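Let's take a walk through this one, from the ligand out to the sheet and then to a couple of backbone oddities.

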Amino acid sequence: MTRAITALRMVVRALRGDDSARYFLAEKLTHAIYPAYVFSEYGREFLRDTSFKARYESLEGTSNYRSLDRKYVLDQLVQLACLVDGDTAECGVLRGTSSLFLCERIANSGKEHHVFDSFEGLSEPTAGDGSYWTKGDLAVDEAAVRANLAAFDFVRYHRGWIPERFEDVADRRFSFVHVDVDLEQPTLDSIAFFYPRLSSGGILLCDDYGFSTCPGAKRAMDEFMADKPESVVHLPTGQGFVIRASTVPSGGRAVAAHEQPLRSQP
Ligand SMILES: C[S@@+](CC[C@H](N)C(=O)[O-])C[C@H]1O[C@@H](n2cnc3c(N)ncnc32)[C@H](O)[C@@H]1O
């Protein structure tokens, strides 16, 4: 009875325009339909960042906000990378939304932004990738991406199946790398190539780390990082990231990441 009265009060408040009451009702309704989902706190300010939302919508449209929080996290983390030497890169660009936020942050820094994509969608999933994805999913026209990022003359495009084109940047250092290819093998190839090239304090962010639809991405990152000093930070958005440590033990001597020799891809 008390719960019914509370619910009724909330309905009345919601009808009068009370935003927190609407949120309360949405939470209760969602719980009834999909109990596994839990709402986050009411009143998060990032949802009121209209400038950010408008830029997201400029490439993602207004019918899908499923990666809004992840783009926000990326946008925030890139600020840290601006203080670090080295270029930036994205493995898996799709329409270029993450690269757009990244490029806005690094504009005028002298950094180049390197984009790696087949522009033919996903490669062939393997058994460890589950059944969610199919080869060719998420294909996008390279010309459309170039148009979306046309304002940034420091973007370099490396079209091909990962890791074919990594050799193009084998002699460069990186401050921020976004790995977003959904599948195990290209995720592993990307991390194995870019981790040794991250400057001290550089960030490698994997978009797909915490999604049951991308089990191979987590396995790739966990297995690669198992013998490294840095831990993977798992965010509730589903992303996972590492910050390259300033020094790593090597043969008894602490060696800064930027002092370590680069190895070319086999
Ligand atoms: C999830 S989308 C990337 C989304 C993008 N990072 C964003 O934030 O908007 C995955 C992208 O990875 C690319 N891709 C997947 N597997 C690949 C592979 N093996 N080699 C090259 N590109 C690949 C696809 O073409 C697609 O553009």
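Which polar side-chain atom lies 2.5 Å from an oxygen atom of the ligand? That one belongs to Ser 98, a polar contact in the sense of a pair of N or O atoms within 3.5 Å. Before going on, some housekeeping: this is a predicted model, where local features need pLDDT of at least 70 and side-chain atom pairs count only at pLDDT 80 or more, while totals for chains, interfaces and linings use all residues. Residues are numbered from 1 along each chain as its sequence is written, and side-chain values use heavy atoms, with hydrogens and water left out.

The backbone joins in around the ligand too. A polar backbone atom of Gly 92 sits 2.8 Å from a ligand nitrogen, and one from Gly 121 is 3.3 Å from a ligand oxygen. On its own the ligand has 600 Å² of accessible area, and the protein covers 96% of that (Shrake-Rupley method, 1.4 Å probe). The surrounding shell has 20 residues, with Glu 90, Gly 92, Ser 98, Asp 117 and Asp 180 the closest (a heavy atom within 4 Å is what counts).

Now for the sheet. It's an open one with mixed pairing, and its 7 strands come in the order β3-β2-β1-β4-β5-β7-β6. Strands here are DSSP E runs of at least two residues, helices are H or I runs of at least four, both numbered from the N terminus, and pairing takes at least two DSSP bridges. β3 (155-159) and β6 (233-234) each have a single partner strand, so one side of each has no neighbour in the sheet. β6 runs antiparallel to β7 (residues 240-243) over 2 bridges, and Val 233 has Phe 241 as its bridge partner in β7.

Helix α4 (residues 68-81) packs on the sheet, touching β4 (174-179), β5 (198-206) and β7, with its direction at about 160° to that of β4. Contact means heavy atoms within 4.5 Å; axes are lines fitted to C-alpha atoms, for helices over the stretch in contact, with angles from 0 to 180 degrees between N-to-C directions. Helix α8 (residues 215-225) lies across β5 and β7, at about 25° to β7.

Last, the oddities. Most residues other than glycine have a negative phi, and most peptide bonds are trans. Phe 119, though not a glycine, has a positive phi of about 55°, and the Ile 162 to Pro 163 peptide bond is cis, with omega near 15°.

Methods
A polar contact is a pair of N or O atoms within 3.5 Å; within protein, one must be able to donate a hydrogen and the other to accept it, and residues adjacent in sequence count only if both atoms are side-chain atoms.
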